[in-house]
Amino acid sequence: MNFGFRLLRALISLWLIVTLVFLALRATGDPITAIFDPDNTTQAALDAYRRQWGYTGSVFDQYLAYLSNLLHGDFGFSSMANRDAFSVVTDRLPATLELVGCSALLMMLIGIPVGAIAAINDGGRIDRFVMTFSTVGFALPNFVLGLGLILLFAVNLHWLPSNGIGTPEHLIMPVLTIGISQAAIFTRFVRSSILDALKLQCVTSARARGISEWNVFWFHVIPNALLPLVTITPLLVGAMVAASAVVESVFGWPGIGRLIVESVAQRDLAVLQMIVMMIAAVMITTNLIVDLTYSRLDPRTSLARAH
Amino acid sequence: MVDTVPARISRRRLDLPPIGVQLALFWLLGCLVTIAVFPLVSHLSVTAIDLLARLAPPVGFGGGWGHPLGTDDLGRDVLARLVASLRTSLVIALGAVVISATIGTIIGITAAHVGGWVDQVVVAAVDAQVSVPFIIISLTLTAIFGNSLVLFVIVLGLFGWERYTRLARAMAMAARGRGYVLAMNTLGFSWPRIYLRHVLPNIASTLLVTATISFPEVILLETSLSFLGLGIQPPMTSLGNMLGFGRSYLLTGWWIAVAPGVTIFLSALSVSVIGDWARSVIGRT
Amino acid sequence: MHAAEDPLCKVEDLGIAINGDVPVPIVDDISFEIRKGDYFALVGESGSGKSITCHSMMRLLPFKPKIKGRIAIDGHDVWSLNRSKLLAFRRKSVGMVFQDPLAALNPVRTIGAQMLETLRIHFPTADADDLRNRAVQALREVHIPEPGSRLGVYPHQLSGGLNQRVMIALALLGNPKLLIADEPTTALDMSVQAEVLDLIDEMRRKNDLSVLLVTHDLGIVRDRATHIAVLQNGRMVEQGPAASVADAPQAAYSKELFEASSVDWPDRDQTRRSREPLCLTFNMVNKTFFASKKDRANGVGIPAAKNMSFTVRRGEIVALIGESGSGKTTAAKMAMDLEKPDSGDIILHPSPRNFKDPLNVQMVFQHPRDSLDPLMRVEDQLHEVLSVHGWKDRGKRQEHILKTIEDVGLSAEVLARRPTYLSGGEAQRVVIARALLLEPDMLIADEPLSAVDVRIQKHILECLQRLRDRLGIAILLITHDLRVVFEIADQVVVLRYGRVVEDVPVSMFTDGARDEYTQKLIDAVPGNYDKDGADGEKNDGPPPAKADDTVMMRVLP
């Protein structure tokens with residue numbers, strides 16, 4: 001399966017999501033009245049909007065209009081912000097990227113070395129400690145952790161601000177919250193991948209040839225441990241997205257996550273549909289990249305049969 | 001090459017679980033007992049508003065035994081609300097897990113048995129579900145269909161169906177491929193008999209383990225959604241929405257948030273720990 | 001010759017246990033010596049501790065052990081070496097070859113990269129070209145064709161046999177004095193096994209190597225080893241020069257072991273097939289497997305059956321022999337109607353009992369415990385089979401079950417157990433018993449012995465023979481092991497890539513097999529190698545079967 005084929009598949013998935021969203025919106029009844037309160041808008045205005053966004057004609061015409069709008073970057077009109085949904089979402093995007101980016105970094109900075117050490121220590125005290133930390137971190141909901149941090153550092157110690165964005169101090173607690181929370185699971189994955197790799201027969205065989213532990217680890221263990229880790233990347237990305245939805249609300253962080261919650265609460269379907277499609281696009285792209293990367297890394301997948 | 005010795009000599013006697021698991025069991029049992037007994041024993045009401053006793057701190061922090069965990073901004077007793085919330089959250093989580101396990105298992109076994117395009121569709125659906133974070137789906141559904149309790153439970157009941165489907169499908173296929181399913185079919189057993197009397201009991205323990213892993217996740221999902229105000233709505237109270245309301249009072253009434261927060265944490269942790277231990281025990285037998 | 005020198009390897013009172021609150025002993029009180037030039041075979045069944053013992057000789061144990069005793073190799077006390085001396089020891093003194101060559105090579109790195117990695121250790125000052133040349137040379141020495149082009153290839157692209165050769169090359173790069181081979185041929189096809197063992201012999205001669213071979217396959221050790229040690233449950237039961245241990249074992253366990261694995265040339269005198277009624281006929285059956293739709297369109301497929309024709313008659317055991325990929329399992333599936341042939345006929349003749357009912361065919365599978373419901377007791381499972389087929393009376397069912405259990409040579413106490421608590425041999429016989437409950441006319445046994453140790457194989461074979469002799473059941477036996485064939489088969493059908501290459505009564509088969517592939521298979525049977533022959537030349541084949549030669553035939557020609 002080559003790149004072109006996979007790209008095509010990804011685009012088809014994206015198109016399917018777009019269509020699903022379209023159908024879902026139609027399922028709630030007349031989307032115009034959902035967006036514009038019919039009591040406050042004149043019938044003429046409603047009709048004008050209908051025409052503008054192609055909510056006239058058959059469902060199929062509407063669908064075509066919808067697709068053409070999307071391709072032009074027109075995602076509809078945000079009812080709560082009173083401007084086009086596209087700009088509403090793109091305004092908030094950088095904040096989330098900053099948050100998610102730093103959190104992912106923290107997660108890896110914690111997860112990779114800790115997971116590796118735990119795997120090497122397998123069964124020993126360090127390992128059990130790490131596993132306990134992981135279990136505890138997994139059970140602690142990220143918003144509880146966030147609130148706890150606020151309670152400690154903002155309310156009691158007054159060291160950090162509890163809300164908003166702007167200075168590096170504002171970034172610290174949200175990043176700690178998501179970073180530590182995700183690190184709990186990530187550490188487990190790293191540990192189990194490395195542990196499985198350590199048990200491979202090829203590692204024993206490399207040791208038998210007198211290759212030093214250091215070289216065995218970097219040239220035999222890690223390359224094999226990377227494979228399963230690469231495959232869980234989409235899961236991690238998805239978890240980050242989910243976490244941001246909640247944590248941004250805890251810290252009043254003006255990002256996409258909070259925007260989702262706001263748009264759900266206020267039934268701003270235009271914004272919601274754009275965010276959904278954006279997330280879908282991100283997930284599909286991630287999967288595509290992971291797919292391609294994996295076949296690069298594992299020679300068994302891309303090559304055909306034995307000679 | 002396998003063996004001259006039996007796979008197992010005799011049934012191991014069950015050792016006492018480690019201290020952590022014991023504590024977890026203790027906590028969970030305590031929760032269940034409290035939920036059952038509290039309404040009968042205590043006079044504290046969930047909904048009684050007492051504006052004179054607003055934001056009273058808990059015992060040990062300046063408050064009295066009348067309200068052991070303090071009161072909230074409307075003077076309602078936190079302990080009573082906590083117990084009620086715990087019940088709501090646990091019941092909903094249990095229901096959701098049962099629903100998703102049942103649906104997922106049925107779909108998985110069917111896919112394995114029927115094969116062909118049905119199986120392909122199921123696999124594609126599972127893959128699609130896995131790649132999307134569930135909270136987004138639940139938020140979207142809430143936006144489209146509104147906030148009712150019934151919808152909420154259905155949405156939660158969909159959480160994790162793909163895990164059971166994957167597992168049930170894989171195990172049913174493994175059972176079909178080389179094992180006793182094939183042998184029994186050759187011996188003339190009917191398919192319903194094979195699946196109900198033989199396949200299901202054998203995969204039940206693994207499915208159960210998956211359920212124990214899902215259970216804390218459902219609790220966390222429900223509390224997250226309720227925290228955001230998009231789950232359980234007042235006047236019903238859940239651990240999540242208590243925490244949500246408590247957010248505004250961190251400065252003046254931290255106990256409103258801390259009580260449910262600690263409870264969520266300990267409950268999810270206990271179920272996790274017990275699930276892990278159960279898995280290791282099953283793995284050894 | 002070497003008697004005055006110290007032995008190359010000396011193991012004294014070795015005891016290994018898994019560390020823990022209650023240490024679990026694996027081996028105890030093991031002592032042996034390997035001298036320069038020896039070919040030392042460590043044999044035992046699974047669970048005997050032989051693999052752990054040989055891993056411990058290079059300190060490659062997968063767990064932290066409690067060690068007793070002493071292992072001295074090439075002047076080093078292995079377990080008291082520090083890190084750097086241990087590395088030097090592994091590089092210079094010993095080399096190891098593992099059981100599954102594909103697993104022992106790093107799947108994500110090329111063969112060349114792995115060879116260069118080891119070469120760099122031994123020749124740190126050599127430049128890239130020099131290293132590459134050495135790599136190619138090493139591959140050439142293990143007879144890998146086109147060695148230069150293999151350097152850029154990944155392990156999964158090579159066959160098991162080639163991979164094992166690469167492993168041997170890797171192990172010998174440092175010119176060790178001792179080569180430890182842990183079941184080096186178990187994962188390979190039979191014809192390839194002989195090649196790999198020949199290679200080890202050759203390397204031994206060329207490099208003046210001592211070899212420690214660990215195996216469960218006694219046929220191999222008879223042929224090639226100079227010394228044999230037998231392990232049972234972690235203890236050494238017997239050891240000594242190969243000839244005396246193999247031909248005249250002293251300990252009871254060793255006797256059993258060698259007897260069970262001895263190759264009995266068949267002494268059945270029939271040269272024609274019996275005229276018993278037909279049970280199963282395969283007539284010009286064809287089946288091809290395609291990897292994808294595109295392959296199907298292009299006609300590029302794997303032939304599982306090509307004009308396959310053979311018959312099975314009442315009261316005979318027909319052995320369907322072939323290596324992996326020969327199509328034998330597909331043939332079994334088609335016979336059981338689990339797969340449909342592309343063309344040709346598969347005829348199940350009316351039951352020889354009364355010529356009215358359809359043929360009652362039952363199947364026995366390779367992995368016995370997989371064929372049984374792990375949760376239900378044996379008794380309940382057997383009852384269920386009967387009740388599904390209309391046996392309503394519980395008493396009658398019980399009676400029939402008890403008789404059948406006896407027929408397969410099991411005692412009634414297995415009935416109360418669950419399959420997990422049965423040994424492999426017991427489980428397999430339970431599966432046979434279950435198949436017998438319905439009083440079949442024919443049994444199809446798909447590799448029924450491969451998951452079981454050698455002594456139990458004998459029991460199961462005896463069981464099958466009993467079924468043929470006493471109950472007249474026809475048996476289609478699918479196997480890759482020729483020794484099984486010699487032991488009980490009446491008719492032999494040899495398959496290769498889906499074609500029937502040979503279809504003869506077993507005695508004619510061994511007398512003078514016509515096809516060269518068949519001859520190759522026969523030659524590959526360990527127990528066929530005349531180690532006293534000049535330069536290891538092979539004999540022309542086994543001697544013809546003569547009645548009064550029976551005793552002689554147990555010992556090698």
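This is a conversation about chain contacts and one helix in a predicted model.

Student: How many residues of chain A are in contact with chain B?

Tutor: On the chain A side there are 36 residues, and they are in contact with 31 residues of chain B.

Student: Which elements of chain A give two or more residues to that side?

Tutor: They are α1 (3–27), α6 (125–139), α7 (142–156), α11 (233–251), α12 (256–265) and α13 (269–297) of chain A. The largest share comes from α11(A), with 8 residues.

Student: And how do the residues of that side divide into nonpolar, polar and charged?

Tutor: The side of chain A that touches chain B has 28 nonpolar, 7 polar and 1 charged.

Student: Turning to chain C, how many of its residues are in contact with chain B?

Tutor: For chain C, 28 residues are in contact with 19 residues of chain B. At least two residues of this side come from each of α14 (378–388), α16 (424–436) and α17 (454–471) of chain C. The side of chain C that touches chain B divides into 13 nonpolar, 10 polar and 5 charged residues.

Student: Now α9 of chain A: how many of its residues are buried?

Tutor: In α9(A), residues 201–208, 7 of the 8 residues are buried, and the helix is mostly covered. The buried residues are A:C202, A:V203, A:T204, A:S205, A:A206, A:R207 and A:A208.

Student: What do they pack against?

Tutor: Within chain A, the buried residues of α9(A) pack against α8 (168–198) and α10 (213–231). From chain C, their partners are α2 (83–92), β6 (94–97) and α3 (101–104).

Student: Which residue just after α9(A) takes a positive phi?

Tutor: That is A:G210, with a phi of about 80°.

Methods
Residues are numbered from 1 along each chain as its sequence is written. Chains are lettered from A and ligands numbered from 1 in the order in which they are written. This is a predicted model: local features need pLDDT of at least 70, side-chain atom pairs count only at pLDDT 80 or more; totals for chains, interfaces and linings use all residues. Two residues are in contact if their C-beta atoms, placed from the backbone, lie within 7 Å. Helices (H or I, at least four residues) and strands (E, at least two) are DSSP runs, numbered from the N terminus. Ala, Val, Leu, Ile, Met, Phe, Trp, Tyr, Cys and Pro count as nonpolar, Asp, Glu, Lys and Arg as charged, and the others, Gly among them, as polar. A residue is buried if 20 or more other C-beta atoms lie within 10 Å of its own, exposed if 12 or fewer, and partly exposed in between; C-beta atoms are placed from the backbone.
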